[in-house]
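Trainee: Could we go through this model together, with the cut-offs spelled out as we go?
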Amino acid sequence: MVADRCCVLKLHNKEYKYPLQTWLKLCKANSLSIIPFSQIKLEKPQSFLSYYLCDPRFPCILYKESNKYLVIDGNHRIQRQIDKGESTGIFFIITPKQLNELTKKK
């Protein structure tokens, strides 16, 4: 269930682990951007089942770090889009400022 799922941002030997709902509160329409997949640091999907059951139409969540993007949520969806031959996607972008504010609330 989405409400129970946690998403982890691994950044500089530190993990920021929050429920998906917490990350989604930071996702606003004005934070949507079209990003080339080549600029995203991707990890291989961990679950074959999740890969095939995911819905790639929903924007994933990325964190902007200097010249690359790190995946917070949506690794399976991104991989599905790449496998379909797409080269860009629409993403919610979390900024360092937003992450800083989020960690202060904890």
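Mentor: Gladly! Patches are made of residues with over 30% relative accessible area and no salt bridge, where like charges are joined within 9 Å and nonpolar side chains (Val, Leu, Ile, Met, Phe, Trp, Tyr) within 5 Å. A salt bridge is a side-chain nitrogen of Lys or Arg within 4 Å of a carboxyl oxygen of Asp or Glu, and accessible areas come from the Shrake-Rupley method with a 1.4 Å probe, only the protein chains shown counting as cover for residues. The model is predicted: local features need pLDDT of at least 70, side-chain atom pairs count only at pLDDT 80 or more, and totals for chains, interfaces and linings use all residues. Residues are numbered from 1 along each chain as its sequence is written, and side-chain values use heavy atoms, leaving out hydrogens and water.

Trainee: Which residues make the nonpolar surface patch of about 290 Å²?

Mentor: This patch is nonpolar and lies on the surface, covering about 290 Å². Its makers are Leu-32, Ile-34 and Ile-90.

Trainee: Is Ile-90 buried, partly exposed or exposed?

Mentor: Buried means under 20% relative accessible area, exposed over 50%, and partly exposed in between (1.4 Å probe, protein chains only). Ile-90 has 48% relative accessibility, so Ile-90 counts as partly exposed.

Trainee: Which strand holds Ile-90?

Mentor: Strands (E, at least two residues) and helices (H or I, at least four) are DSSP runs, numbered from the N terminus. The run spanning residues 88–94 contains Ile-90, and that is strand β7.

Trainee: Where does β7 sit in the open sheet of 5 strands?

Mentor: Two strands pair if DSSP finds at least two bridges between them. The edge strands, each pairing on one side only, are β3 (32–36) and β4 (40–41). With mixed pairing, the order is β3-β7-β5-β6-β4, which places β7 between β3 and β5.
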